[in-house]
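This report walks through one protein chain. Start with the sequence and the model below, then read on.

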Amino acid sequence: MSHTLNYIIRGFDEKIGQIVVEVTCVEHGDVQVFAVDLPIKEDNTYPVGEELDALIRSMTPTWHFDRMDKTSAGVANVAAIKSLVVPYPEPEVVVNEPLTQPE
Ligand SMILES: [Zn+2]
């Protein structure tokens, strides 16, 4: 099945030079978010324009969208995996517990 993928850059962490990219499949509406550590070029710049576009497209997890075709159609032994899952315990919520200072 073919997927036409559009992306939007949703975040840029300047400290670590990382962008967050949201990719959407036009045909199916599936969304995937992933991070890219931008390469720093010899002239101490990040790639922009077509270069950045090519980088993002090369790093887009296209396999994810192919997988979702299969998972949304249903995998035969889903129940076998579900039966192995031991959920985390529910967090204990204490209401109106007075705050005490350590001695
Ligand atoms: Zn798709």
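Leu-38 makes contact with Gly-17, Gln-18, Ile-19, Tyr-46 and Pro-47, leaving aside residues up to four places away in sequence. Two residues are in contact if their C-beta atoms, placed from the backbone, lie within 7 Å. This is a predicted model: local features need pLDDT of at least 70, side-chain atom pairs count only at pLDDT 80 or more, and totals for chains, interfaces and linings use all residues. Residues are numbered from 1 along each chain as its sequence is written.

**Around Leu-38**

Leu-38 sits in the loop between strand 3 and helix 1. Helices (H or I, at least four residues) and strands (E, at least two) are DSSP runs, numbered from the N terminus. Leu-38 is partly exposed, with 18 other C-beta atoms within 10 Å. Here a residue is buried if 20 or more other C-beta atoms lie within 10 Å of its own, exposed if 12 or fewer, and partly exposed in between, with C-beta atoms placed from the backbone. Phe-12 is 26 residues from Leu-38 in sequence, and their C-alpha atoms are 9.9 Å apart in space.

**The chain as a whole**

The protein chain holds three helices and three strands. Along the sequence their pattern is β-β-β-α-α-α. The radius of gyration of the protein chain is 21 Å, whereas a compact globule of 103 residues would have one near 13 Å. That radius is taken over C-alpha atoms, and the globule rule is 2.2 Å times the number of residues to the power 0.38. The C-alpha trace spans about 60 × 50 × 20 Å along its principal axes. Of the 103 residues, 3% are buried. Take the contacts between residues at least 6 apart in sequence: 26% of them join residues at least 24 apart.

**The sheet**

Three strands make an open sheet in the order 1-2-3, with antiparallel pairing. Strand 1 (5-13) and strand 3 (31-37) are at the edges with a single partner strand each, so one side of each has no neighbour in the sheet. Neighbouring strands are turned by 25 degrees against each other on average, direction ignored. Axes are lines fitted to C-alpha atoms, for helices over the stretch in contact, and angles run from 0 to 180 degrees between N-to-C directions.

Two strands pair if DSSP finds at least two bridges between them. Strand 1 and strand 2 pair over eight bridges. Strand 2 (residues 18-25) and strand 3 pair over seven bridges. Which residue of strand 2 stands opposite Ile-8? The residue is Glu-22. In strand 3, Glu-22 has Val-33 as its bridge partner. Val-20 has Ala-35 as its bridge partner in strand 3. Gln-18 stands opposite Asp-37 in strand 3.

Strand 1 lies largely in the open, because the number buried among its nine residues is zero.

**Turns and positive phi**

Most residues other than glycine have a negative phi, and most peptide bonds are trans. The table lists residues with a positive phi.

| Residue | Place | Phi |
|---|---|---|
| Gly-17 | turn of the hairpin of strand 1 and strand 2, with four residues between them | about 65 degrees |
| Gly-29 | hairpin of strand 2 and strand 3, with five residues between the strands | near 80 degrees |
| Gly-74 | just after helix 2 | about 100 degrees |

Asn-44 also has a positive phi, about 60 degrees, although it is not a glycine. Asn-44 lies in the loop between strand 3 and helix 1 (49-59). Asn-44 counts as exposed, with 6 C-beta neighbours inside 10 Å.

**Helix 2**

Helix 2 (residues 62-73) has twelve residues and reaches 18 Å from its first C-alpha to its last, close to the expected 16 Å at 1.5 Å a residue. The expected span is 1.5 Å times one less than the number of residues. Is helix 2 well covered or hardly covered? Helix 2 is hardly covered: one of its twelve residues is buried.
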